[in-house]
Amino acid sequence: MKVRYILSHIAVALLATVVTLFVVVPKQDLNVLKLQQLKAIIDAEFVEKEYDQVAMYDAAAAAMVESLGNRWSYYISAEEYGSYEERRENIYVGIGVTISTREDGYIDIQRVEPDGPAYEVGILPGDILVAVEGADVANMSLDEVRNMVSGEAGTQVQLQLRRGEETITLSPYRRAIQVAVTTGTMLEGNVGLVQIANFDDRCKTETIAVIEELIGQGAKALIFDVRYNPGGYTREMVGLLDYLLPEVVVFRSQDRDGNETLKHSDANCLDMPMAVLLNADSYSAAELFAVGLQEYDAAIVVGEPSMGKCHYQYTYELFDGSAVLLSAGSYTSPKGVNLEGAGVTPDVVAPVDEEMYWKIYAGYVTPQEDPQIQAALNALKTQE
């Protein structure tokens, strides 16, 4: 009974404190005080006295951003931010692979960069990563695996891989890898294929260089492949559309207060038949690139409807080296069409099944075997 008596007095005291706080503290500060109170309770009462405070605050920050209900806004921990910045610069220290999570928790090697460290030791697309430095990866997040595989240039990382029924161990050396943003291939009928991986750093300059090289080889028409392209910087997309289109609006956005910003191209343009390939994994700048060419009748869009992302984000660095990528406004097509949810609708719909979808992504399919490239070639013939 004595314990209950003491606890009841404590409860009354706490309630009185809370009531007082509501009277004297501004409402917006109560949430901060709540978190401080929760932290104090954990420090005083949690059964395990030692815990990871950085992980706690990272989780709290991530939850704050997630609670906004905007799928394009997210928190980046200090540990992950360096890798994020490297990817935006199209250069990173690693082994040159693209990975994804499997249903069983292990990691698929989806792409292997030609002449990269992974390629040099014999890692192949389709290999399954099961352990890094002896640590099983089944219960790790994709970012945790990336952080373990990446590291200081010149050091080795031991990887255990499953290939069919065989388990092998390979140890590539990490090094700085500059990712090729754009590649070019000559196809039948003097058509140049321009494959754009993203719209991050160097996209404009590399893509224009590839276009001019293909034209020098005799290209009379172009196919731009922005399938699986996650987007990137507005400046890169606008610069490329400026090169391709005459004097028109190439980008239209609105900030949170409804203020509109327009970006224009100049009068110079590239006058030749063009097509753009896109699919459900074409995001943001990739969608705006495709719809910009489509709306001004500069290119036929071929493939499948794109993602339908209509918010742009700014990156805000926090004092501890972490950051938040926060939606700060929205954009439409150059002529004001809202792409939210629906994405860009192709002029020529050319669907592929799931197996072909991932084969194309992994680079297993030649242009001659790729039904969407072939559909684009046929569409270009109608422009002749």
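At roughly what angle do the axes of helix α8 and helix α9 cross? Keep that in mind while you get your bearings; this is a predicted model.

**Whole chain.** Start zoomed out, with everything shown as a cartoon. The chain has 11 helices and 19 strands, and its C-alpha atoms fill a box of roughly 95 × 55 × 35 Å along the principal axes. If you colour by burial, 43% of the 384 residues count as buried. A contact map is handy here too: of the contacts between residues at least 6 apart in sequence, 64% join residues at least 24 apart.

**α8 and α9.** Now select residues 234–244 for α8 and residues 284–295 for α9. Their axes come within 10 Å and cross at roughly 20°. Angles under 35 degrees count as roughly parallel, so α8 and α9 are roughly parallel to each other. The crossing is right-handed. Turn on side chains for Met237, Leu240, Leu241 and Leu244 of α8, then for Ala285, Leu288, Phe289 and Leu293 of α9; these residues make the contact. By class, this contact has 8 nonpolar residues, with no polar and no charged ones.

**α7 against α8.** Keep α8 on screen and add α7, residues 203–216. The axes of α7 and α8 lie 8 Å apart, at an angle of about 30°, which means that α7 is roughly parallel to α8. On the α7 side, pick Cys203, Lys204, Thr207, Ile208, Ile211 and Glu212; on the α8 side, pick Glu236, Gly239, Leu240, Tyr243 and Leu244. Colour them by class and you will find 6 nonpolar, 2 polar and 3 charged residues in the contact of α7 with α8.

**The largest core.** Next, look at the largest nonpolar core, which has 42 residues. Phe199, Leu222, Phe224, Phe289 and Leu293 have the most contacts inside this core, so select those five. Elements that each supply at least two of the core's residues include α7, α8, α9, β12 (221–225) and β18 (323–332). The largest share, 7 residues, comes from α9.

**Around Leu222.** Centre the view on Leu222 and show its contacts, leaving aside neighbours within four places in sequence. Among them are Val191, Val194, Ile211, Leu214, Met272, Met274 and Leu380.

**A second core.** For the last stop, select Ile95, Ile123, Val137 and Ala138. They belong to a second, separate core of 23 residues.

Methods: Residues numbered from 1 in each chain as written. Predicted model: local features only at pLDDT ≥ 70, side-chain atom pairs only at ≥ 80, totals over all residues. Heavy atoms only, no water. Axes fitted to C-alpha atoms, helices over the stretch in contact; angles between N-to-C directions. Helix = DSSP H or I, 4+ residues; strand = E, 2+ residues; numbered from the N terminus. Parallel < 35°, antiparallel > 145°, perpendicular 65-115°, else oblique. Left-handed = near helix turned anticlockwise from the far one by under 90°. Contact = heavy atoms within 4.5 Å. Nonpolar A, V, L, I, M, F, W, Y, C, P; charged D, E, K, R; others polar. Core = buried A, V, L, I, M, F, W, Y, C linked by side-chain atoms within 4.5 Å. Buried < 20%, exposed > 50% of the residue type's maximum accessible area, 1.4 Å probe, protein only.
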